[in-house]
Amino acid sequence: MAAVAPGSGASREEEGTGGDATTPQPPAPTSAPGARLSRLPLARVKALVKADPDVTLAGQEAIFILARAAELFVETIAKDAYCCAQQGKRKTLQRRDLDNAIEAVDEFAFLEGTLD
Amino acid sequence: MAERPEDLNLPNAVITRIIKEALPDGVNISKEARSAISRAASVFVLYATSCANNFAMKGKRKTLNASDVLSAMEEMEFQRFVTPLKEALEAYRREQKGKKEASEQKKKDRDKKTDSEEQDKSRDEDNDEDEERLEEEEQNEEEEVDN
């Protein structure tokens with residue numbers, strides 16, 4: 001006996017009606033964090049690592065972890081910068097929010113003077 | 001024509017996606033802020049590499065490994081990254097192991113087929129007959145119990 005799932009045949013009214021929304025469709029459904037192992041291309045990260053004259057060789061695992069760490073870093077600094085923007089009641093992150101975050105957060109001290 | 005290491009940027013599209021997913025819906029980011037974050041990420045990788053390399057040299061190794069990078073994170077006061085990075089490393093290792101095993105298995109299968117194809121055929125037929133007999137006996141027993 002074939003079971004018919006309720007609502008499976010019903011057409012979705014939200015999508016495809018040519019509505020007012022002009023925003024492009026979202027690229028993909030958000031998966032759980034960590035489901036994709038890394039988004040940054042390992043080749044580019046490897047190029048950065050090799051740019052250091054003192055580094056002889058780097059293992060594949062090391063490159064992978066550096067890529068993942070860079071992603072975490074981007075998330076972290078974006079969130080910290082957003083806190084500053086929120087205080088200014090703005091919805092767009094500006095360069096100055098980033099500068100403020102760098103000054104305010106100790107861990108970002110290494111960035112001072114490097115972004116100019 | 002020396003290129004500064006900071007000029008080795010990570011792809012803009014990926015950086016933008018990471019930022020957007022980290023922030024609540026509806027929040028935008030200016031182009032200048034985005035490119036500054038991208039440059040910051042590059043500087044981060046360079047700094048982490050340098051730190052990790054120190055650990056490798058301390059261990060008298062010439063190759064950077066994963067634990068060097070993890071030690072560098074702690075040194076740079078990014079301890080909060082260590083746990084998620086360890087988890088990611090485990091997943092990565094499992095994936096690599098799976099890939100390796102899959103390719104090794106394929107190779108084995110290929111070798112088996114080419115070497116002893118005929119021998120396996122006759123052996124398999126004998127085994128099948130024995131198994132069928134056993135199964136029939138078991139089924140009979142079960143039926144009696146039910147009745």
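Biologist: What makes up the secondary structure of chain B?
Modeller: In this predicted model, chain B has five helices and two strands. Along the sequence of chain B these elements follow the pattern α-β-α-β-α-α-α.

Biologist: How much of chain B is buried?
Modeller: Chain B has 147 residues, and buried residues make up 31% of them. Among the contacts in chain B with a separation of 6 or more, 41% are between residues 24 or more positions apart.

Biologist: What makes the pair Lys99(B) and Glu95(B) a salt bridge?
Modeller: The closest N and O atoms of Lys99(B) and Glu95(B) are 3.7 Å apart. The limit is 4 Å between a side-chain nitrogen of Lys or Arg and a carboxyl oxygen of Asp or Glu, and therefore the pair qualifies. Both residues lie in helix 4 of chain B, four residues apart, about one turn of the helix. Residues three or four places apart point the same way because an α-helix has 3.6 residues a turn.

Biologist: Why is Glu95(B) called partly exposed?
Modeller: The relative accessibility of Glu95(B) is 36%. Partly exposed covers the range between the limits of 20% and 50%, and therefore Glu95(B) belongs to that class.

Biologist: Which residue forms a salt bridge with Asp97(A)?
Modeller: The partner is Arg90(A), and the closest N and O atoms of the two are 2.8 Å apart. This value is within 4 Å, and the pair is therefore a salt bridge.

Biologist: Are Asp97(A) and Arg90(A) buried or partly exposed, and why?
Modeller: Asp97(A) has a relative accessible area of 1%, which is under 20%, and is therefore buried. Arg90(A) has a relative accessible area of 21%, which is not under 20%, and is therefore partly exposed.

Biologist: How do you know that the side chains of Glu107(A) and Arg80(B) meet in a salt bridge?
Modeller: The N to O distance is 3.5 Å. The pair crosses between chains, from Glu107(A) in the segment after helix 3 (95–104) of chain A to Arg80(B) in helix 4 (residues 79–115) of chain B. Since 3.5 Å is within 4 Å, the pair meets the rule. At 44% relative accessibility, Arg80(B) is partly exposed.

Biologist: How many salt bridges are there between chain A and chain B?
Modeller: There are three salt bridges between chain A and chain B, and a search of the whole structure finds eleven over all chains. One network of salt bridges links Arg39(A), Arg68(A), Glu71(A) and Glu21(B).

Biologist: Why is Glu71(A) called buried?
Modeller: Its relative accessible area is 2%, which is under 20%, and Glu71(A) is therefore buried. Glu71(A) lies in helix 2 of chain A. Not counting residues up to four places away in sequence, Glu71(A) touches Ser38(A), Arg39(A), Leu40(A) and Ile18(B).

Biologist: What makes the pair Glu71(A) and Arg68(A) a polar contact?
Modeller: The side chains of Glu71(A) and Arg68(A) are joined at 3.1 Å. The limit for such a pair of N or O atoms is 3.5 Å, and therefore the distance satisfies it.

Biologist: How do you know that the span of helix 2 of chain A agrees with its 28 residues?
Modeller: At 1.5 Å a residue, helix 2 (residues 60–87) of chain A should span 40 Å, and its end C-alpha atoms are 42 Å apart, which agrees. Just after helix 2, Lys89(A) takes a positive phi of about 55 degrees.

Biologist: Is Phe64(A) buried or exposed?
Modeller: Phe64(A), which lies in helix 2 of chain A, has a relative accessible area of 2%; this is under 20%, and Phe64(A) is therefore buried. Phe64(A) and Val45(A) are 19 residues apart in sequence, and their C-alpha atoms are 8.3 Å apart in space.

Biologist: How much area do chain A and chain B bury between them?
Modeller: The two chains bury about 5,100 Å², 75% of it on carbon and sulfur atoms. In chain A, the most area is lost to chain B by Arg39(A), Leu48(A) and Ile65(A), together 13% of what that side buries. In contact are 50 residues of chain A and 57 residues of chain B.

Biologist: How many residue pairs are in polar contact across the interface of chain A and chain B?
Modeller: The rule finds eleven such pairs. Helix 1 (42–50), strand 1 (57–58), helix 2, strand 2 (92–93) and helix 3 of chain A each supply at least two residues of the side that touches chain B. Helix 2 of chain A gives the largest share of that side, 19 residues. By class, the side of chain A that touches chain B has 29 nonpolar, seven polar and 14 charged residues.

Notes: Residues are numbered from 1 along each chain as its sequence is written. Chains are lettered from A and ligands numbered from 1 in the order in which they are written. This is a predicted model: local features need pLDDT of at least 70, side-chain atom pairs count only at pLDDT 80 or more; totals for chains, interfaces and linings use all residues. Side-chain values use heavy atoms; hydrogens and water are left out. Buried means under 20% relative accessible area, exposed over 50%, partly exposed in between (1.4 Å probe, protein chains only). The expected span of a helix is 1.5 Å times one less than its number of residues. Contact means heavy atoms within 4.5 Å. Buried area is the accessible area (1.4 Å probe) that two parts lose on being put together, summed over both. A polar contact is a pair of N or O atoms within 3.5 Å; within protein, one must be able to donate a hydrogen and the other to accept it, and residues adjacent in sequence count only if both atoms are side-chain atoms. Ala, Val, Leu, Ile, Met, Phe, Trp, Tyr, Cys and Pro count as nonpolar, Asp, Glu, Lys and Arg as charged, and the others, Gly among them, as polar.
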